Amino acid sequence: MLFEVTDLEEGELALQREVREFLAVELPRGTFQPGLGMGAPRDRVFSAKLASRGWIGMALPGRHGGHDRGAVERFVVNEELLRWGAPVGHHWVADRQTGPVINRFGTEEQKQRFLPAICRGELSFAIGMSEPEAGSDLAAVRTRAARVDGGWTVTGTKVWTSGAHASDWFIVLCRTGDDEDRHEGLSQLIVDLRSEGLTIRPIPFLDGHSEFNEVSLEEVFVPDELVLGAVGQGWAQNTSELAYERGGPERWLSTYLLVEELVRERGDALGDRGLLLLGDAVARWWGLRRLSLSVARTIDRGEAPAVQSALVKEMGTRFEQDLLAALQELVDVEPVMDADSLFERLLVAAVLTGPSFTIRGGTNEILRSVAAKRLGAL
Amino acid sequence: MSDWLLVDGARRLLADTCTHEVVQAAEAEGWSAVIWDALAVSGYADLAGLGLADALAVLTVAGEHAAPVPLAEAALAGWLLGGSVEGSVSVVAPGGSGGLSLNGGLLSGAARRVPWGRAVERVVALVDGQAVMIRTALATRVERRTNLAGEPRDTVVFDGARVEEARPAACDLNERGALTRAALMAGALGAMARLTIHYAGERRQFGRPIAAFQAVQQHLVSLAQDASLVGLAAEHAGRTPAPFEIAAAKQLASHAALTATRAAHQVHGAMGMTQEYRLHHFSRRLWAWRSEYGDEQHWARWLGVAVVRAGADNLYPAITGGSAVI
């Protein structure tokens, strides 16, 4: 069995109740515009409130501002935030992946500098991986760092960088060596998004929002103390960073709120087709959640469930889109961007951002290849 | 958790006995007396005498080996009557017992789609809310019917035959029946996924294993996903054998029966289209079990009605808490 059965334990269930009570008080329904899963808006004040409850950087060590808790507890908090449509945008990347990779590969000085601020919900990070010629094929990155006195100067272009305009830092995957091997000579640098020589140009997203950016670096100086991990080990580090991205509840909850609102607004008039859609979705959420929780439990045992994470992400994001298509077929709605009905507004947002579900964080085609290579373990 | 030694014992016993030839021959004969006797000697025929999780784990192993014996029915009979049943026994699903009537302890009418009705010594059916047990030797006739997997689903006709036992049903047959099918299907899906992955690694076309082709890999991944999803869901439903969990597990299993068999057959090509190769033992059983005790639509509808009744605010709590919430 790739996945082992697991349940929430008493303390974890208590945490779930605590998060539900917190959301009902701090963010009552009807008082805010909910987002679609991890695509939800940024809100520094909300992130700070979460941080004060100890719910950011939960799995990071206490001596660096974290809370020495585990992946399962982080799962419990995040699934509640996501299904509520809470504004998690400000801290999302830092909490999910930047914090853990700095904790794993960073120097003591870097940990002291960044982790406490991440855990306070202050610092926001973006991801500097993709380039115009390096999408799924990340090893093709061309952004280059040249050795100079006391550090590196970085030149190149990163693209499709979510939140770069509103974030403080990003981790840049770039070439630091002349090695012919595509996977050698790559390094990760922690780069201040307000550095001299760095230009951020917004790229309007399909839904008209400007969350996407192109980030141009023109001889941006990065001091030695901001090299993450070992020079030349960027590929291995980056692969492990991607593993943190996968398998969590954000991969199957992006279209959850549509269904909750459908039940709230039209529960009495769903008809047989609507009930079938709903029941099918509920069964799948229940099953996917069990798989996802099993991944988190495995991480807490110190293992790296890469295949399981890829299977869950591929299946979960495909479900998000299947569900959206089924909802579009079910309701007779001519969608408008500014409808009075929350269900209709969420539907519009989901239709316009939906294609990204199976692309962001590794396309489904790549995930299938990753998983297929190691299915012998089944 | 289930008893590892017990489950592993069943796995070894069935791996030894459920060879391709024996399972194939059982289709012609209606069942395999050899396998049934081996299970009975080792104590596995009295599944209801084990804990629920253990019984379901053994059923999953039976599904892995396409065991052509009424093991699930043995469990259901015991659970319905609240005790053990001697010898071989089958259970009539609620959809098949509508034609039966009980009058002064005498049973009349036709029991339909009775698993292994021609081979078992006794049948248990729900009549007027009572679980009644009767000897099949008292039937006036047995009409042979066969499901998609070549397993007997016979019509057994009684005409005023005396029942051995009649008592209030000790469990919900629809739910427990669905739970047994989910467990069997989890086993069959896992075995089918392993068989297909192995085959794709061995079978060479265009000078390389077909598993090297990305288009084929996609089928293998979708099989692994279905098997993992249903495996975990069925195990969970066994640990929490309550209506929501059972409904969700059987819904997922029945849905996967459609998608996974399609992927497995596509990978196998013409090889999988013959009865000379093992794939059909799993794919045909999955198609048959898919519709027994409620297919994916039946349970989706049940879940849909339940969560609408619970209301929008309880939708996510239901997904996390299941029957504890709704």
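Two residues are in contact here if their C-beta atoms, placed from the backbone, lie within 7 Å. Keep that in mind for the exercises below, and remember that this is a predicted model.

**Exercise 1.** Work out what share of the contacts in chain B between residues at least 6 apart in sequence join residues at least 24 apart.

*Solution.* Start with the contacts in chain B whose partners are at least 6 apart in sequence. Now keep those with partners at least 24 apart: that leaves 72%.

**Exercise 2.** Take stock of the fold of chain B and decide how its radius of gyration sits with the globule rule.

*Solution.* First, count the elements: chain B has 11 helices and 10 strands. Next, the radius of gyration of chain B is 20 Å, close to the 20 Å the globule rule gives for 326 residues, so chain B is as compact as a globular protein of that length. Along the principal axes, the C-alpha trace of chain B spans about 70 × 55 × 35 Å. Last, burial: 56% of the 326 residues of chain B count as buried.

**Exercise 3.** Describe the side of chain A that touches chain B, by element and by residue class.

*Solution.* Begin with the tally: 35 residues of chain A are in contact with 37 residues of chain B. On the chain A side, α7 (256-266), α8 (271-300), α9 (306-330) and α11 (364-372) each give two or more residues. The largest share, 15 residues, comes from α8(A). By class, this side of chain A splits into 20 nonpolar, 6 polar and 9 charged residues.

**Exercise 4.** Find the predictor's scores for chain B and for the complex.

*Solution.* Chain B averages a pLDDT of 96, and 100% of the residues score at least 70. For the complex, the predictor gives an ipTM of 0.97 and a pTM of 0.96.

How values were computed: Residues numbered from 1 in each chain as written. Chains lettered and ligands numbered in written order. Predicted model: local features only at pLDDT ≥ 70, side-chain atom pairs only at ≥ 80, totals over all residues. Helix = DSSP H or I, 4+ residues; strand = E, 2+ residues; numbered from the N terminus. Rg over C-alpha atoms; globule rule 2.2 N^0.38 Å. Buried ≥ 20, exposed ≤ 12 C-beta atoms within 10 Å, placed from the backbone. pLDDT = per-residue confidence, 0-100. Nonpolar A, V, L, I, M, F, W, Y, C, P; charged D, E, K, R; others polar.
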